[in-house]
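Here are my notes on the model, point by point. Have the structure open while you read.

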Amino acid sequence: MVGPKRIGVWFGQGLECALAARAMLGQLQAKYPDADWVILGPRESLFLFEMDERVPVYIPLKGLEPRRPAQTRLSHYLEKRTQFKKLRGLQLDLCLGVSVLVDVHKAKQADVEQFQHVQKMLGIDGHLIQQELSSFLQIERPLLQAGPQALAYATQLYRKALPSQSKVLALLYPASDPASLNLQWQAIQNSVLGLGNKPHLTIAVVVGENRLLARYMTDRRPDWLQVGLPQAMGLIAYADRVICDSEKITRICSEMGRSDRLLLVKSHS
């Protein structure tokens with residue numbers, strides 16, 4: 001029996017879903033060794049697959065993106081529909097979805113519905129693989145690598161450090177509002193003050209698309225860096241020590257093989 005020749009792997013929004021899909025990919029490729037692979041995911045997660053040699057094609061799905069400012073519902077709908085028409089030209093034989101369970105007994109309903117919609121629009125069979133994140137992360141996988149632009153950004157920044165200085169990165173990832181940012185900084189500040197030998201200190205905040213937080217940073221903390229997760233990965237790659245209070249940053253450090261450089265604090269934010 002001839003197996004599927006071209007397989008799509010779908011996953012939804014969020015860092016956890018992307019890490020789960022990245023982990024699961026190796027098992028799927030071992031199961032279907034002769035297939036070609038197409039990853040279907042959010043644009044915001046593309047950077048996590050940028051340096052992954054196992055991924056020949058990554059297609060950001062319009063259906064996983066929010067409407068742009070001033071974009072009408074009709075325009076957004078037509079964009080999604082047009083993309084699915086083009087994706088049918090890929091002639092996928094199978095579509096597999098990867099989703100992280102909210103808990104042992106509860107599926108992430110949004111992922112279930114979105115995956116079923118993708119199957120319907122593409123007109124192909126498949127199934128959704130649902131497990132807890134801890135189960136996905138037990139699968140052997142290559143280390144996560146920062147992309148060339150992120151590494152170039154970090155190289156330029158760290159060029160100011162003296163050879164004798166330890167490069168310390170205080171990396172803040174607030175929930176959404178300035179209040180959580182201030183709580184994180186209070187906790188991290190104590191760890192920073194405890195560092196000796198005058199290290200080269202970089203303070204960066206993962207702002208992403210949060211315009212409110214970016215505006216607050218510009219007004220109140222203009223000397224701090226505003227970065228996205230791709231740039232943060234570049235900074236982590238070259239740092240000698242990473243201080244943070246964020247489960248997401250902890251996961252990224254682990255995926256990059258940098259857990260030994262991580263100093264985790266707790267801000268109760």
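1. Before the sheets, a word on terms: two strands count as paired if DSSP finds at least two bridges between them, and helices (H or I, at least four residues) and strands (E, at least two) are DSSP runs numbered from the N terminus. Bear in mind that this is a predicted model, where local features need pLDDT of at least 70 and side-chain atom pairs count only at pLDDT 80 or more, while totals for chains, interfaces and linings use all residues. Residues are numbered from 1 along each chain as its sequence is written, and side-chain values use heavy atoms, with hydrogens and water left out.

2. One open sheet has five strands in the order E8-E7-E6-E9-E10, and the pairing is parallel. At its edges sit strand E8 (225-227) and strand E10 (262-264), each pairing on one side only. On average, neighbouring strands here are turned by 25° against each other, direction ignored (axes are lines fitted to C-alpha atoms, for helices over the stretch in contact, and angles run from 0 to 180 degrees between N-to-C directions).

3. Take the E6/E9 pair in that sheet: strand E6 (residues 167-172) and strand E9 (residues 241-244) run parallel and are joined by four bridges. Opposite valine 168 you'll find arginine 241 in E9. Helix H5 (residues 148-158) packs on the sheet and touches E6, strand E7 (200-206) and E8, with its direction at about 140° to that of E7. Contact here means heavy atoms within 4.5 Å. H7 lies across E7 and E8, and runs at about 165° to E8.

4. Now the other sheet I'd look at. This open sheet of five strands, with parallel pairing, has the order E3-E2-E1-E4-E5. Strand E3 (58-60) and strand E5 (126-131) are at the edges with a single partner strand each, so one side of each has no neighbour in the sheet. Neighbouring strands are turned by 20° against each other on average, direction ignored.

5. Strand E1 (residues 6-11) pairs with strand E4 (residues 94-100) in the parallel sense, over five bridges; valine 9 has leucine 96 in E4 as its bridge partner. Which strands does helix H1 lie across? Helix H1 (residues 15-31) lies across E1, strand E2 (36-41), E4 and E5, at about 135° to E4. Helix H3 (residues 109-122) also lies across E1, E2, E4 and E5, running at about 165° to E5.

6. On helix packing, the axes of helix H6 (residues 178-193) and H7 come within 10 Å and cross at roughly 55°. That makes H6 oblique to H7, given that angles under 35 degrees count as roughly parallel, over 145 as roughly antiparallel, 65 to 115 as roughly perpendicular and the rest as oblique. Pro178, Leu181 and Asn182 in H6 meet Leu213, Tyr216 and Met217 in H7.

7. Last, the pocket (an open set of points on a 1 Å grid over the protein atoms alone, with protein on both sides within 12 Å along at least five of seven lines; lining residues have an atom within 4 Å of a point). The largest pocket has a volume of about 1000 Å³, a volume being the space filled by probe spheres (1.4 Å probe) set on points joined across faces, edges and corners. Of its 31 lining residues, Arg43, Glu44, Gly208, Glu209 and Asn210 are the closest to the centre. Helix H7 (211-220) and helix H8 (229-238) are the elements that give two or more residues to the lining.
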